[in-house]
Amino acid sequence: MRLGVLDVGSNTVHLLVVDAHPGARPLPAHSHKAELRLAQLLDGGGAVGPEGVDKLIGVVHEALQAAEDKGVEDLLPFATSAVREATNADDVLARVKAETGVELQVLTGAEEARLTFLAARRWFGWSAGKLLVLDIGGGSLEIAYGIDEEPDAAVSLPLGAGRLTAGWLPNDPADPEDVRALRRHVRAQIARTVGEFSRFGAPDHVVATSKTFKQLARLAGAARSAEGLYVQRELKRESLEGWVPRLASMTAEERAELPGVSDGRSSQLLAGALVAEGAMDLFAVETLEICPWALREGVILRRLDHMGPI
């Protein structure tokens, strides 16, 4: 069947269309993205304002049209941290449903972590042993660990690249004192969770998903996305530690000139790099591997496994 996953995230609204059936890997057929930056449309009270809701509804309509054009039989719509944490989330969801017919399922942070872990486990297989999976989104950082398809531990922290940029790095280029303050904040947040994972022992394989990790790996010399999904891509902590001060000294426009860095993500890359560096350091990770599959694929795989709601 042809499935569509509509992911309303903190940075983008992304429709991924795949051809899939139980027992087979989902084959991408179409991708439709809109840079909405919903997390940046929150007002001082943490609510999505009328303009933001209008934009979201417009983007959902566009995604629905794309899904219809591509012959999607079943649409799986969900929202993550930006909607989850909005103070008027119920009103936003009600308006989206009333005006588009789409009922967004709001995933908890733990559900995000578990579904991303499932995608990574299926990609790397059982031979990868105990997996530690890291994912940096626009609004949150997800960490999951386990040896099965369901992780033994899964947490979500409010350390997304977009959220931290908006809240901690107002200047361009970033003020060195702001960078140091953010670094301390990030590491203190991550350090609180390390004990929850360390009791399970060292992982056999550490993997990372998300655009942030992919861009950081590309800066460190990983293959371009044009070379295909099946090329192994790694990120070494030593390389990342060398890039962080360089990114901190650049403007967003200068970062956008770097290989693999998009205009839309360049402003957030420094905050994402500080989170990646902190996570790799505190979890004693020297090298991690980039996983092409992430949350959207996890949602598809769970749907195929159960042939029911997420």
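## The six-strand sheet

Let's start in the middle of a sheet: strand β6 (residues 131-136) and strand β9 (residues 205-209) run parallel and are joined by 5 bridges. One of the facing pairs puts Leu 134 opposite Ala 208 in β9. Keep in mind as you look around that this is a predicted model.

Where does that pair of strands sit? It belongs to an open sheet of 6 strands, and reading across you get β8-β7-β6-β9-β11-β10, with mixed pairing. At the edges are β8 (153-157) and β10, each of which pairs on one side only. Going from strand to neighbouring strand, the average turn is 20°, with direction ignored. As a reminder, strands of a sheet pair through backbone hydrogen bonds, either parallel or antiparallel.

## Helices packed on that sheet

Which strands does helix α6 touch? Helix α6 (residues 176-198) packs on the sheet against β6, β7 (141-146) and β8. The direction of α6 makes about 175° with that of β8, and that counts as roughly antiparallel because the angle is over 145 degrees.

Helix α11 (residues 269-282) packs on the sheet too, touching β6, β7, β10 and β11 (287-290). Its direction makes about 160° with that of β6.

## Where α5 meets α11

Helix α11 also has a helix partner. The axes of helix α5 (residues 161-168) and α11 come within 8 Å and cross at roughly 115°, which means that α5 is roughly perpendicular to α11. The crossing is right-handed.

Which residues make the contact? From α5 come Ala 161, Leu 164 and Thr 165, and they meet Ala 271, Gly 272 and Val 275 in α11. Sorted by class, the contact of α5 with α11 has 4 nonpolar residues, 2 polar and no charged.

## The five-strand sheet

Now over to another sheet. This one is open as well, with 5 strands in the order β3-β2-β1-β4-β5 and mixed pairing. Its edge strands are β3 (27-35) and β5 (105-106), and each of them pairs on one side only.

Inside this sheet, strand β1 (residues 2-8) runs parallel to strand β4 (residues 74-79), and 6 bridges join the two. If you want a spot to click on, try Gly 4: its bridge partner in β4 is Leu 75.

## Where α1 meets α3

How do α1 and α3 cross? The axes of helix α1 (residues 50-69) and helix α3 (residues 89-100) come within 10 Å, with a crossing angle of roughly 40°. That angle is why α1 is described as oblique to α3. Here, too, the crossing is right-handed.

On the α1 side, the contact takes in Pro 50, Val 53, Asp 54, Leu 56, Ile 57, Val 60, His 61 and Leu 64. Facing them in α3 are Val 92, Arg 95, Val 96, Glu 99 and Thr 100. The tally for α1 with α3 is 8 nonpolar, 2 polar and 3 charged residues.

## An aromatic pair across the sequence

How many aromatic pairs turn up in the whole structure? A search finds 4. One of them is a stacked pair of Trp 123 and Tyr 230, 5.5 Å centre to centre and with 10° between the planes.

Trp 123 is in helix α4 (residues 109-124), whereas Tyr 230 is in the loop between α7 (211-219) and β10 (234-236). So this pair ties together parts of the chain that are 107 residues apart in sequence. And β10 is a familiar name by now, as one of the edge strands of the six-strand sheet.

Terms used
Residues are numbered from 1 along each chain as its sequence is written. This is a predicted model: local features need pLDDT of at least 70, side-chain atom pairs count only at pLDDT 80 or more; totals for chains, interfaces and linings use all residues. Side-chain values use heavy atoms; hydrogens and water are left out. Axes are lines fitted to C-alpha atoms, for helices over the stretch in contact, and angles run from 0 to 180 degrees between N-to-C directions. Helices (H or I, at least four residues) and strands (E, at least two) are DSSP runs, numbered from the N terminus. Angles under 35 degrees count as roughly parallel, over 145 as roughly antiparallel, 65 to 115 as roughly perpendicular and the rest as oblique. A crossing is left-handed if the near helix is turned anticlockwise from the far one by less than a right angle, and right-handed if clockwise. Contact means heavy atoms within 4.5 Å. Ala, Val, Leu, Ile, Met, Phe, Trp, Tyr, Cys and Pro count as nonpolar, Asp, Glu, Lys and Arg as charged, and the others, Gly among them, as polar. Two strands pair if DSSP finds at least two bridges between them. Rings of Phe, Tyr and Trp (its six-membered ring) pair if their centres lie within 6.5 Å; planes under 30 degrees apart count as stacked, over 60 as edge-to-face and the rest as tilted.
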